[in-house]
Amino acid sequence: MNDLQKWIRIRKELYLQMQRQVRHRLGEDTPELMRYHKTYNKEFLKKWTASNKEALWEQVSQSQVVMIGDFHALHQSQKAQLRILRSLPKGRKVVLAVEFFEAADQEKIDKYLSGKLSEKEFLKAVQWQSKWGFPWEHYRPLMRWAQKHKISVRGLNKSYKKRTAITLKSRDVFAGKKIAELVSEFPDHLVFVIYGDLHLAAPHIPEETTKILGKPFAKKILRIFQNSESIYFQLLNKELEASTDLVRLSQNIFCLMSVPPWVKWQNYLMYLEQTYDLGLQYEDEDDDDDEQLDYTDHVGRYVKIIAEELGLNVSVDALSVYTARDSSFWVQARESYDVKTLRWIEEMIAEGMSFYLPEIKAAYLARATVNHAASLAMRYVHAQSSSMTKLPTDVPSDFLSLIWLEGTAYFGSKIINHKRKTDTIADIKASLASRGPSELGKEALQLALAQKMHELMVITGVPGHRLQAKPRKKWSYMIAAQLLGGMLGERLYNGYRKKMVSTTTLRHFLAKPVDSKHFQVAYYDMLEVIESLPTLFHSKKEKL
C-alpha cells in the first residue's frame with residue numbers, strides 16, 4: 001500500500017466510523033428517508049469540474065434565488081453562508097429566508113430584528129431549543145448581519161408536532177410556496193435561502209418552487225450544496241482535496257468543500273452526545289445534571305490516527321481528557337502547581353484554550369469541536385514524543401517553546417482537518433491596522449510581527465539582531481505564540497503533504513525537548529527548514 005492509499009484508507013475509516021456512530025444514535029433510516037437520501041445523492045453523480053469564487057459570484061449576479069445548504073451541527077456550514085452573504089455586492093437588495101425559523105413566528109422575528117425583543121426573550125418566544133435545538137451561537141452572526149444591513153429575515157419552516165421522514169415532502173412543499181411568494185413580493189431582491197442540504201435536491205424544494213413560478217424560472221435558481229462526501233473522496237483520489245474549495249456540477253449548481261467528511265460527522269456526533277447524553281439544558285431550567293461526557297475516546301481516536309500517520313508508537317493508556325465540567329481537574333491542578341503557574345492555567349481556561357499538562361498527565365478540552373480535539377491529541381502526541389515534563393509558562397524566556405507547541409498542535413489538527421486555515425502575516429497586519437491605540441490584543445499582534453521579523457533576521461544570519469518588542473502584558477506572548485504557531489504549523493503541514501518534509505524529519509522535530517535550556521538553538525534549526533517551505537495562500541480571506 002502506497003502513502004496515498006494509506007492516507008485515503010485512514011480517512012475513509014474515520015469517516016465511516018463517525019457516520020456509523022451517528023446513525024446508531026439516530027436509529028436506522030426509514031424507507032422514506034432512504035428514498036429522500038437517494039434522490040439527494042443523485043445530484044453528485046453528475047460530472048463536475050473544479051471551480052473558483054469568481055465563477056460563483058458571476059452566477060450569483062445572474063440569479064434571483066440562491067439556495068445554500070445547511071448542515072445544522074457544523075459551525076463551518078453557517079460560516080460559509082455568512083461569507084457568501086458578506087461578499088454580495090453592496091447595492092444588491094436581499095431578503096433572507098431560513099429553515100431554522102418557522103413562518104408562524106414571523107411577527108416575533110420582526111420584533112427581534114427591530115430591537116423590540118431581547119435575544120433571550122426571542123429565543124424563548126420561538127422555542128428555539130425545542131423546535132430547532134442546534135447551537136444558537138452558530139446562527140447568531142447571520143441574524144446580526146441581517147440587523148446591521150436592515151435585511152428582512154423570513155421563516156420557511158412549518159410546525160409539526162414531530163418532524164419525521166414522512167413530513168419531509170410536506171415541508172418542501174411549504175418552503176417552495178413561501179419562496180415563490182417572496183419572489184413575487186420582492187421582485188427586485190435576491191432571495192437568499194438557507195435550508196438543509198438534502199432539501200436542495202432538484203425534486204425537493206427547487207421543484208416545488210418552480211411548480212408555482214414556472215419551469216423556466218429554474219434557470220434563475222442557484223443551488224450551493226456543502227461538503228458532499230462522494231465528491232470529497234473523488235478529490236482525495238486525485239490529490240486535489242487541499243487545493244479545491246469549490247466544484248461546479250452544472251451552470252447553476254455548485255458544491256462548497258469547506259471541511260472533510262469526518263469533521264462534518266464528528267461535529268454531529270459531539271452535538272448528539274451533548275444533547276442526548278446530558279439532556280439539553282434550557283435557559284430557564286434550574287435542573288443541575290452532574291453527568292459528564294467522556295471525551296477521552298474522541299481525543300484518543302485522533303491520537304491513534306496522528307501516531308499511525310507519523311509512524312510513532314504512542315499509547316493512549318495515560319490519556320485523560322477533562323472539560324470545564326470536571327471539578328477533579330482543578331483539584332489536581334491546585335495540588336500540583338504554584339500560584340504563578342495556576343494563574344497561567346486559569347488564563348488558558350478563561351481564553352477557551354485546550355492544553356496538556358505533562359506534570360499531572362491531564363488534557364483539558366475547552367470546546368467539543370474537531371479542531372480542539374485534534375489539536376489536543378497532537379499536544380499529547382508531542383508531549384509523549386519529546387518526553388516533556390514541564391508546562392512552559394515563564395515568558396519571555398519560554399516564548400519560543402510556546403510558539404513551537406502551538407505550531408505542532410496546529411500541524412496535528414491539519415492531519416485531521418486539512419481544510420482548517422490560519423491567520424497569515426497579511427491578516428495580522430490588517431487586524432492591527434483596524435485596531436485603536438489601546439485596544440485589547442494590539443500589543444500581541446505587534447509582538448507577533450516583531451518576532452516574525454526577528455526570526456527572519458536570525459535565520460538569514462543577521463548578527464546581533466534583537467526582538468523589537470517588549471509587551472507589558474505577559475499573556476500577549478501566548479496570543480502571539482498562537483498566531484505564529486498557526487503560521488508555522490500551516491507551512492509545515494503543506495511541506496509534509498507535498499513530500500518536502502519526511503515523516504523521519506517530523507519525528508526528529510517532535511523529539512526535541514521543549515523544556516531544554518538549549519531549545520532556542522533547536523528551534524531556529526527547525527525554523528530554517530520550515531521557512532524554506534511554500535505557503536498555499538496569502539490571506540485566509542482568499543478562501544471560501
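Helices and strands here are DSSP runs, numbered from the N terminus. Keep in mind that you're looking at a predicted model.

**Stop one: helix H5**

Select residues 106–113, which make up helix H5. Now colour Gln106, Ile109, Tyr112 and Leu113: these are the buried ones. Turn the view until you look straight down the axis of H5; the buried residues fall within an arc of 125°, so they line one face of the helix. There's a simple rule to recall here: an α-helix has 3.6 residues a turn, so residues three or four places apart point the same way.

What do the buried residues of H5 pack against? Bring up strand E3 (94–102) and strand E4 (152–157), then helix H6 (119–125) and helix H8 (136–148), and you have the partners. Before moving on, click on glycine 115, which follows H5 and has a positive phi, near 85°.

**Stop two: aspartate 245**

Next, hop to the loop between helix H11 (229–237) and strand E7 (246–250), where aspartate 245 sits. Is aspartate 245 buried or exposed? Its relative accessibility is 16%, and the cut-off for buried is under 20%, so aspartate 245 counts as buried. Show its side chain along with that of lysine 419, and you'll find a polar contact of 2.9 Å joining the two.

**Stop three: tyrosine 523**

Finally, select helix H22 (residues 519–531) and pick out tyrosine 523. This residue is buried, with a relative accessible area of 1%. Which residues does tyrosine 523 touch, leaving aside neighbours within four places in sequence? Light up Leu400, Ile403, Trp404, Glu455 and Leu488. Add serine 401 too: 122 residues separate it from tyrosine 523 along the chain, yet their C-alpha atoms are 8.1 Å apart.

Notes:
Residues are numbered from 1 along each chain as its sequence is written. This is a predicted model: local features need pLDDT of at least 70, side-chain atom pairs count only at pLDDT 80 or more; totals for chains, interfaces and linings use all residues. Side-chain values use heavy atoms; hydrogens and water are left out. Helices (H or I, at least four residues) and strands (E, at least two) are DSSP runs, numbered from the N terminus. Buried means under 20% relative accessible area, exposed over 50%, partly exposed in between (1.4 Å probe, protein chains only). A polar contact is a pair of N or O atoms within 3.5 Å; within protein, one must be able to donate a hydrogen and the other to accept it, and residues adjacent in sequence count only if both atoms are side-chain atoms. The arc is that of the directions from the helix axis to the C-beta atoms. Contact means heavy atoms within 4.5 Å.
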